[in-house]
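Biologist: Could you take me closely through one part of this model, the side of one chain that touches the other, and then set that part against the chains it belongs to? I would like a single connected account rather than a list.

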Amino acid sequence: MISFLDFEKPIAELEARIAELRTTAESGQLDLAAEIDKLEKKSAALLKGTYGKLSPWQKTQVARHPQRPHFLDYVRLMFTDFIPLAGDRRFGEDEAILGGPARLNGRKVMLIGHEKGNDTASRLKHNFGMGKPEGYRKAIRLMEMAGKFGLPVVTLVDTAGAFPGVEAEERGQSEAIARATEACLSLPVPMVAAIVGEGGSGGAVAIASAERVLMLEHAVYSVISPEGASSILWRTPEKAADAAEAMKVTAQDLLALRVIDRIVPEPLGGAHRDAGAAAAALSSAIGEELDGLTGLSADELTERREERFLRIGRL
Amino acid sequence: MGSDRVDPTAQKNMASQGMSWITKVRNSLGSLGKRDTPDNLWVKCPGCQEMVFTQAWQDNLSVCPRCAYHGRIGAQARFSQVLDPGFAILTAPSVPENPLNFRDSKKYSDRLKAARAANPYPDALTAAEGAIDGQPVVLAVQDFAFMGGSMGMAVGEAFVRAVERAIERRCGFVMFTAAGGARMQEGILSLMQMPKTTVALRRLSRAGLPYLVVLTDPTTGGVTASYAMLGDVHIAEPGALIGFAGQRVIRDTIREKLPEGFQRAEYLREHGMVDLVVDRHELKATLARLLDYLTRKDVA
């Protein structure tokens with residue numbers, strides 16, 4: 001059962017009507033096939049229309065949809081033989097950031113990403129995808145391992161932001177993020193990052209400083225959450241929609257700003273309506289990007305990465 | 001944002017208490033008529049709340065002579081306190097202005113205009129080349145007075161240029177950080193300054209040149225989570241607030257009181273994130289000694 005977002009209310013109402021008609025039809029008293037068919041077409045058209053012109057704030061809600069596929073869904077749907085490796089060898093294990101070697105269509109990669117969890121228990125286990133220093137330090141460890149053994153790095157970015165808590169500050173959240181960003185930039189192997197849900201600020205950039213950055217069609221990527229920007233700049237939590245609009249958080253805006261390189265289309269109505277289709281599109285896009293980087297030397301790769309970021313802010 | 005200017009109403013209250021000590025002192029200054037007494041004759045120390053003569057405050061490097069509170073200072077004061085005479089300010093780079101055409105309750109371009117009118121430099125980071133006790137250096141300062149020191153494209157590009165200049169001159173790079181974080185009005189483009197400045201530091205490191213960070217009050221957000229934490233050595237000024245997340249955000253997350261001294265310079269030193277907490281009077285000498293140790297003969 002799909003949970004509908006506020007702006008999907010008209011679609012939800014149509015779907016409820018269709019379900020009702022189906023129940024009536026099943027009881028065998030009336031032939032409602034034509035009516036159901038008509039409503040289904042109407043619902044599909046409405047879905048297409050709605051998702052064809054989502055506002056930045058609506059996209060933010062889609063990107064955070066509780067049923068949106070997360071890291072472990074993508075692992076299941078598009079990777080094989082994933083070996084999750086644990087721990088930063090310094091303090092502990094952080095399940096907000098998962099990673100390990102895996103195969104993408106047979107190709108060996110080092111896979112790293114945020115996992116938000118799908119229900120209360122798993123959300124708590126993964127701390128809602130908000131990484132702590134040990135999570136970022138584990139990512140560094142895995143990136144270094146990838147460099148050592150020649151595995152390209154693939155990251156799936158999906159976090160509201162790095163965890164804002166006392167213990168995270170105590171253990172050097174800032175340093176961990178800064179060093180993880182540096183680790184991305186230092187990789188002697190290809191790196192492709194995909195923002196699959198929320199790309200929340202420093203907690204995202206720490207594993208997204210790649211030479212190729214992709215975004216799912218309805219993912220968002222921003223320096224601060226629209227709610228945060230609203231409360232700081234507008235001094236009210238009410239202006240999140242305006243903040244999302246003003247900050248340019250959508251894949252379409254970020255492609256125009258050349259902050260990302262490619263948009264991966266989502267199935268109609270968003271990735272949460274067909275996780276398999278979303279994963280298939282993501283898998284082929286990442287595969288193509290890795291193909292394009294094959295054969296480049298370590299120097300060429302780091303050079304590309306460096307130029308990519310140096311050019312941002314130059315006239 | 002802490003102002004080191006005395007609150008004018010407080011001053012009036014004190015002055016109205018008949019012939020108070022402040023009036024006596026004021027009257028003893030022949031050059032100052034009662035009517036044109038500048039508001040900034042006195043500084044109220046944000047640490048101990050005592051009134052300090054502005055001149056005494058400045059002579060003491062904007063450190064309170066009573067409680068050693070380290071006041072916030074801008075680029076000009078920093079350059080003259082740390083660099084040998086004869087330093088040269090680097091030209092501020094031109095960057096795209098208001099790239100997102102951003103507007104919150106005010107237009108970003110108007111906020112920039114106001115900040116420029118109130119500050120000596122065109123954005124929040126200014127760099128200079130010169131020497132510290134004779135050792136060549138490029139030094140950059142982030143000014144909290146300019147839109148909270150926030151890091152946008154101008155800050156990122158000025159940082160990169162300053163590092164490039166240090167590489168050209170084969171000298172160390174010293175960075176005084178101060179910022180609330182990234183400049184939200186530049187959206188994702190401000191976030192991209194984190195990897196961008198890191199690229200420059202990788203080049204500095206490859207050139208075998210030292211990078212010294214001086215964390216000043218306050219340094220938070222994306223600035224802390226990038227170049228502020230990538231130094232060969234991290235120095236902090238006493239009492240400086242340094243952190244990733246803001247205290248209000250953390251309080252809202254954990255819903256309990258924050259530990260004593262949380263996110264202060266001394267706390268970061270205790271937790272292994274900062275090497276030295278150095279009084280402003282000792283800063284120049286400390287930087288000079290470190291630069292001497294970390295400058296390789298085969299590089300210089």
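Modeller: The model is a predicted one, and I begin with the domains of the chain that will serve as the partner surface. Chain A is assigned two domains, domain 1 covering residues 6–52 and domain 2 covering residues 60–310, and the C-alpha centres of domain 1 of chain A and domain 2 of chain A are 36 Å apart.

Turning to the part you asked about, the contact between the chains involves 47 residues of chain B and 41 residues of chain A. On the chain B side, the elements that supply two or more residues are helix H6 (153–169), helix H7 (187–191), helix H8 (193–206) and helix H9 (247–254) of chain B. Of these, H8(B) provides the largest share, with seven residues. Sorted by class, the side of chain B that touches chain A consists of 28 nonpolar, 14 polar and five charged residues.

Chain B itself is assigned domain 1 at residues 1–69 and domain 2 at residues 72–294. Where these two domains of chain B touch, eight residues come from domain 1 and nine residues from domain 2, and the domain 1 side of that contact is made up of five nonpolar, two polar and one charged residues. For residues 45–67 of chain B, an unreviewed UniProt entry records the feature "zinc finger region: C4-type". In the model, the end C-alpha atoms of residues 45–67 of chain B lie 9 Å apart, and the span is 26% helix and 13% strand.

To complete the setting, the secondary structure of chain A amounts to 14 helices and eight strands, and its C-alpha atoms fill a box of roughly 70 × 50 × 45 Å along the principal axes. A compact globule of 315 residues would have a radius of gyration near 20 Å, so the 21 Å of chain A agrees with that expectation. Buried residues account for 50% of the 315 residues in chain A, and, among contacts in chain A with a separation of 6 or more, 71% join residues 24 or more positions apart.

One helix of chain A can be followed in more detail: helix H8 of chain A, residues 173–186, has 14 residues and reaches 20 Å from its first C-alpha to its last, close to the 20 Å expected at 1.5 Å a residue. This helix, H8(A), is mostly covered, with 13 of its 14 residues buried.

Notes: Residues numbered from 1 in each chain as written. Chains lettered and ligands numbered in written order. Predicted model: local features only at pLDDT ≥ 70, side-chain atom pairs only at ≥ 80, totals over all residues. Domains from an automatic or database assignment. Contact = placed C-beta atoms within 7 Å. Helix = DSSP H or I, 4+ residues; strand = E, 2+ residues; numbered from the N terminus. Nonpolar A, V, L, I, M, F, W, Y, C, P; charged D, E, K, R; others polar. UniProt positions renumbered as here; feature names shortened; annotations may be inferred. Expected span 1.5 Å × (residues − 1). Buried ≥ 20, exposed ≤ 12 C-beta atoms within 10 Å, placed from the backbone. Rg over C-alpha atoms; globule rule 2.2 N^0.38 Å.
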